[in-house]
Amino acid sequence: MALVIMNVLLLLFSVVLVRSDQTTTPLKSFKISGNVTYDCINIYKQPGLDHPLLKNHTIQMKPSRTELNSQTGNSITQKNKIKCPDGTIPVLRNTKDFLTSANLFPENYVHPQSVDSPGTHIAGVRSHAGPYRGIQAWVYGVDLKIEKDQASYSQIYLGSGVNNKINYISAGFMINPGYFGDGRVWSYGFWKGKDGKGCYNTACSGFVQVSQTIPIVQPIDISPTEPSFLRPFIHQDKNTGNWWLTYLGPDKPNGDLGYWPKELFDHFDNGANMVGVGGVVKASPSGSSPPMGNGKFPDGGRRTSAIFANIDVLNSNYEQSKISSFPIEILVDSPQCYGLRVGTVKWYRRTRLGYFFNYGGPGGNSCGV
């Protein structure tokens, strides 16, 4: 399974945008910054529904609600207000420059030394005690400075695999200049399904966006003085079997962004066998690995590295539990460059953390391949 996960990470870092056109005239558009524009597309003509496995798919407008116990925290607010008209959803526009960088991304980015996942390093935890119906966590967002041919992620994920074939969904933060063309922090979602196919966000077909206000992918403003948390929740719908992405908030309605339809997967019918959280980095072809987390080694304190906190999972009966109540595996493949520690604390700058993981490290040239 470890080899399978590393191969999934390779696909995650090397995936190419396959949808390049705007075939539907947008009803409205929102320009967030110089290279970021969202078009409000008819929900029934969105690119996600072009997938051949979704020819007869009926859009699910909202999930069969799975409530989690509320928690107090300082979650990220959406600074760039997007409100598409009724019947439309926001889709990130694929400009010519964006497509050019995306199409060059695999060729320039994938380290060619092996068929595994060379140059990819991880620090996190996972549990194979499934089946699981969902996972959520407070994910700490940090603004890092990395090179254009590097990437650094913070993610929650779940997966199931049989005979080196895997279904996989992840969500969280990424800094990936080679993909986006800038060094900002972005929210993202990723999936891998039948026949090894997969995709980021709405760059190609698969993910069905339903929120009129919260796109699955957007640049995030990170506060330099306060910890910035995103609380993504990936969960399987009780009635349809679709896999929803919801952003949970302590003092406002939850944001149901959309879902990955069950038709995309062949090993998720009865839930996911594995769940996990962690940081992931991809080195440049020269072998230099970028920082992970906030770029500092965890030393057991809660202020010196990045954090995953309040990691909850849904078991096969959709019952909520802490991931610590299941057997967990610690994953650190390059301890000279990255680390991970487990801790508990009630509060950190108005954020209730409970059980958490400190993770991160400076990277460098000695992390291995």
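Reader: Which residues form a nonpolar patch on the surface here?

Author: In this predicted model, the nonpolar patch on the surface is formed by I328, I330, V332 and V342, which together have about 280 Å² of accessible area.

Reader: Where does I328 lie, and does it count as buried or partly exposed?

Author: I328 lies in the loop that runs between β18 (320-322) and β19 (329-332), and because its relative accessibility is 31%, I328 counts as partly exposed.

Reader: Let me switch to the inside: which residues touch the most other members of the largest nonpolar core?

Author: The largest nonpolar core has 81 residues, and those that touch the most other members are L158, I169, W243, W260 and V277. Another core lies apart from that one and has 10 residues, with I43, L49, I59 and Y259 among them.

Reader: You mentioned L158, so what is its bridge partner in β7?

Author: The partner of L158 in β7 is I169, and both of these residues are among the core members named a moment ago. The strands themselves, β6 and β7 (residues 165-175), pair in the antiparallel sense over 11 bridges.

Reader: How many residues sit between β6 and β7 in the hairpin?

Author: There are 2 residues between β6 and β7 in that hairpin, and N163, which is in the turn, has a positive phi of about 55°.

Reader: And which residue in β16 stands opposite I156?

Author: That residue is V277, which is another of the core members listed above. Strand β6 pairs with strand β16 (residues 274-282) in the antiparallel sense too, in this case over 9 bridges.

Reader: Why is β6 described as largely enclosed by the rest of the structure?

Author: Strand β6 covers residues 151-162, and 10 of its 12 residues are buried, so the strand is largely enclosed by the rest of the structure.

Reader: New topic, backbone oddities: which residues other than glycine have a positive phi, say in the loops after β9 and β17?

Author: One of them is N201, with a phi near 50°, in the loop between β9 (198-200) and β10 (208-209). Another is Y318, whose phi is near 65°, and Y318 is found in the loop between β17 (306-315) and β18. Such values are worth a remark because most residues other than glycine have a negative phi.

Reader: Are N201 and Y318 buried or exposed?

Author: N201 counts as buried because its relative accessibility is 3%. Y318 also counts as buried, since its relative accessibility of 17% is under the 20% cut-off.

Reader: Which peptide bond is cis?

Author: The bond from G130 to P131 is cis, with an omega near 15°, and P131 lies in the loop between β4 (120-127) and β5 (132-141). In general, most peptide bonds are trans.

Reader: What about H235, and which side chain does it contact?

Author: The side chain of H235 is joined to that of T246 by a polar contact of 2.9 Å. H235 lies in strand β13, which covers residues 232-236, and with a relative accessible area of 1%, H235 is buried.

Reader: Last one: where is P85, and how many residues along the chain separate P85 from K28?

Author: P85 lies in the loop between β2 (36-42) and β3 (88-92), and P85 is partly exposed, with a relative accessible area of 26%. P85 and K28 are 57 residues apart along the chain, while their C-alpha atoms are separated by 7.7 Å.

How values were computed: Residues numbered from 1 in each chain as written. Predicted model: local features only at pLDDT ≥ 70, side-chain atom pairs only at ≥ 80, totals over all residues. Heavy atoms only, no water. Patch = residues over 30% accessible without salt bridge, like charges linked within 9 Å, V, L, I, M, F, W, Y side chains within 5 Å. Areas by Shrake-Rupley, 256 points an atom, 1.4 Å probe, with all protein chains shown as cover. Salt bridge = Lys/Arg side-chain N within 4 Å of Asp/Glu carboxyl O. Helix = DSSP H or I, 4+ residues; strand = E, 2+ residues; numbered from the N terminus. Buried < 20%, exposed > 50% of the residue type's maximum accessible area, 1.4 Å probe, protein only. Core = buried A, V, L, I, M, F, W, Y, C linked by side-chain atoms within 4.5 Å. Polar contact = N/O pair within 3.5 Å; in protein donor to acceptor, adjacent residues only side chain to side chain. Pairing = 2+ DSSP bridges.
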